[in-house]
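Please open the model in your viewer and keep the sequence panel beside it. The tour below moves from one selection to the next and says what is found at each stop.

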Amino acid sequence: MKRLEDTLVAVFGSDATRDENINPVTCCVPAQRFAEAAGILKESSAFLCAQWTTDDTLADSHGGFSVYACFREGAQYLIVKSALSHDNPAFPSLTKHYLPAYRFERQIWSLMGVTPVGHPDSRPWIKFEDWRKDAWPLRKSFDAAKPMPRVAGQYLWLRAEGEGVYEIPVGPVHAGIIEPGHFRFQAVGETILNLEERLGYVHKGIEKRFESMSWLSAVKLAGRVSGDTTVAHSMAYSMALESMTFCHVPQRAQWLRALFLERERIANHLGDIGAICNDAAFSFMLYQCSRLKEIMLATNHKLFGHRFIMDRVVPGGVTVDIDDNAKNEIRSELDFIEKNFDKLVAIYEESSSLEDRVRNTGILSPELARQLCTVGVVARGSGLSVDCRVDNPCPPYDSLAVEAAALTSGDVHARVWVRVVEIRSSIRLIRDILNAIPASGIAGQCNGVSPDSTGFAAVEGWRGEIIYWLHAGHKGEINRCMIRDPSSVNWLALEYAIKGNIVPDFPLCNKSFNQSYSGHDL
Amino acid sequence: MIRILRQIFRTGIVTDRTSHIDDPRIKVVGINLDASSKKCLRRSMTVRQVDAGSCNGCELEIHAMNNPVYDCERLGIHFSASPRFADVLLVTGPAAINMEIALRRTYDAVPAPKIVIAVGDCACNGGIFGETYASLGGIDKVIPVNVYIPGCPPTPSDIFNGFYKIFL
Ligand code: SF4
């Protein structure tokens, strides 16, 4: 297979300079050709994973900004970078080529004040209308410690007109025990014409906060980007840091990380399956599944000292080990869960009232899933077989047989079934891990970070691919920490999947996506 | 149907006997309830949860309070969809600047006695997110708080102990 960077260089010639020493390969192109580069990569069927900017005032001599876009095709990642001027930072928008660029670029404009030229929507994203227009928190000149004054402003919602069209605003405070966000539906009768999401309510300035922390202590913050995915986030951050410090992680630590990651996956998938069925008024499943989930959390607490295994993955390794008793405990716990889970799945399959709700509801077609560059459970329910554990296996996944689920119907049922398959395969994986885990230390030493270096890692969390990109400033401090939670791309897919469904099916569809608000809003 | 019933009977009652303790880490301020209100609330308390900016970790534990192992309804704790019926507001997360107005409005909608419980380190004092342009810090920066339950996240038992403090 032709490498993405070769394709790019073939067209751009000397206009594209590639740096092979950085992981992943990074190509610099002139700012005015940034969108053209994306167009070429799109033709090579690459996905857009993330787009972000850095303020280089403190990092290098040119002192302006840089814009980055990360692409993925199969197992390869490629970053395309353009340097932008200090006084009038702007770059051509990628929205002509890639749908997810809509949100990435609104966010870039809102938080860094860099203009995506040609973007059709100039409304802010995450930044609310009552922030000052020139409040760009990711810029170095912005003092994050100062409280922000509010100004008057109004958010312009999309409107729908016509006979019988009405609007339903929902949120930010929802009826259940969930995170806040606002959804606005335009509907005719029961049918949803359009859904507009408005997120950003739980924006806590996480990316900016990273810049005030030390490399080692920041892993705690990474573990709290999205509390339900704490293992995967702290793992992705740690791996990105390890890649820039050439840190050697002991084998056993890598296997333990995989153990934690798979346990996190099972626990969250169990919770999701229960909650989805509950939204179809099948509460039996909620109570059964939440009980199984509780068993896992209690075991986590007992063996690893935390119910969600928070703060147990650190740069260089992990902080807890398991002994033979723990292995046996996990084995018998899994036997119990598997036995009960199989019974529940049989019940799920034969409940026709449930089937009626979950089949053909909230369909995200394979074409759309691809155009939206979706990841994780959502993508695998819509025929895209993307899974970092298969495509880019970090140890120990390279020696374990991971089975990536793939369904094509793209409905609520498909997303439930992906979770069913993954719970089963994670149970198998954990058994394999327990049987084959090598003996060694569990903590490696991370060296100092050299100035102006970058680190990158992608980890398959239970929602999907999590990407961290780290950049050290000229004193070796954290200059930028870019976080791409799967929710940053998948939220947009929900807007598409819901069109034409009936309003009462929204909670069901939303649950089947179950994206993170905190991971998106950062 | 028969499978469902069989599974229910096979599962049986899995609820733990939780014992409430007077946890010294949990702080209480300014609750003045007379004996009859305490008695009344002890049997039946309606709770509205608000996420003011959490990472979702605390929400998972509040969810867990509802699972069959903890089964909070047996203690009279009932989660409501509307703040208008709530006796207690259970708030998580640091107060995010974008949630400030929604939090105030939710608080205003709660009828007296408006007991507010801050769940988690973030809700108590801003936690790891601290006080920045986007995070105002603890919940008490926006609305008065009566019970502070620390922990990241506090376990369901910790949260129960927080409720218990109201009646002490
Ligand atoms: S206390 Fe911990 S778990 Fe709760 S919201 Fe804060 S960081 Fe998340």
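## A sheet in chain B

Begin by selecting E2(B) together with strand E3 (residues 77–79) of chain B, which pair in the parallel sense over three bridges; helices (H or I, at least four residues) and strands (E, at least two) are DSSP runs, numbered from the N terminus, and two strands pair if DSSP finds at least two bridges between them. This is a predicted model, in which local features need pLDDT of at least 70 and side-chain atom pairs count only at pLDDT 80 or more, while totals for chains, interfaces and linings use all residues. Residues are numbered from 1 along each chain as its sequence is written, chains are lettered from A and ligands numbered from 1 in the order in which they are written, and side-chain values use heavy atoms, with hydrogens and water left out.

Within this pair, Val47(B) has Phe79(B) in E3(B) as its bridge partner. Following the chain from E2(B) to E3(B) takes you through helix H3 (residues 57–65) of chain B, and this β-α-β crossover is right-handed; that is, with the strands pointing away from the viewer, the path from the first strand over the helix to the second runs clockwise.

Now add strand E4 (residues 88–92) of chain B, which runs parallel to E2(B) and is joined to it by five bridges. Two positions can be picked out here: Gln49(B) stands opposite Leu90(B) in E4(B), and the bridge partner of Asp51(B) is Thr92(B).

Colour E2(B) by accessibility next: seven of the seven residues of this strand (residues 45–51) are buried, where buried means under 20% relative accessible area, exposed over 50%, and partly exposed in between (1.4 Å probe, protein chains only). Both faces are covered, with Met45(B), Val47(B), Gln49(B) and Asp51(B) on one side and Thr46(B), Arg48(B) and Val50(B) on the other.

Widen the selection to the six strands of the open sheet, which has mixed pairing and the order E1-E6-E5-E4-E2-E3 in chain B. Strand E1 (27–28) and E3 of chain B stand at the edges with a single partner strand each, so one side of each is left without a neighbour in the sheet.

In strand E5 (residues 115–119) of chain B, select Ile115(B), which is buried, with a relative accessible area of 2%. Its C-alpha lies 6.2 Å from that of Leu89(B), although Ile115(B) and Leu89(B) are 26 residues apart in sequence.

Two cis peptide bonds can be visited in the loops of this chain. One runs from Ala112(B) to Pro113(B), with omega near 10°, and Pro113(B) is in the loop between helix H4 (100–109) and E5 of chain B. Another joins Cys152(B) and Pro153(B), with omega about -20°, and Pro153(B) lies in the loop between strand E6 (147–149) and helix H6 (156–167) of chain B.

## The largest cavity and chain A

Where does the largest cavity lie in relation to domain 1 (3–117) and domain 2 (206–310 + 324–513) of chain A? Both domains give residues to the lining, so the cavity lies between them; the domain bounds come from an automatic or database domain assignment. The space in this cavity is about 160 Å³, and of the 16 residues that line it, the closest to its centre are Gln51(A), Trp52(A), Gln107(A), Glu207(A) and Arg480(A). Strand E3 (47–55), helix H3 (101–112) and strand E15 (478–484) of chain A each supply at least two residues of the lining.On a 1 Å grid over the protein atoms alone, a cavity is a set of points where a 1.4 Å probe fits but cannot get out, and lining residues have an atom within 4 Å of a point; grid points are joined across faces, edges and corners, and a volume is the space filled by probe spheres set on the points.

Move on to E15(A), where seven of the seven residues are buried. Strand E14 (residues 465–472) of chain A pairs with E15(A) in the antiparallel sense over six bridges, and Trp469(A) has Met482(A) as its bridge partner. The two strands form a hairpin with five residues between them, and Gly476(A) in the turn has a positive phi of about 85°.

Finally, select helix H16 (residues 506–513) of chain A, in which six of eight residues are buried, among them Phe506(A), Leu508(A) and Phe513(A). Just after H16(A), Asn514(A) takes a positive phi of about 35°.

Technical notes: 1 Å grid on protein atoms, 1.4 Å probe; cavity = no way out; pocket = protein on both sides within 12 Å on 5 of 7 lines; lining within 4 Å.
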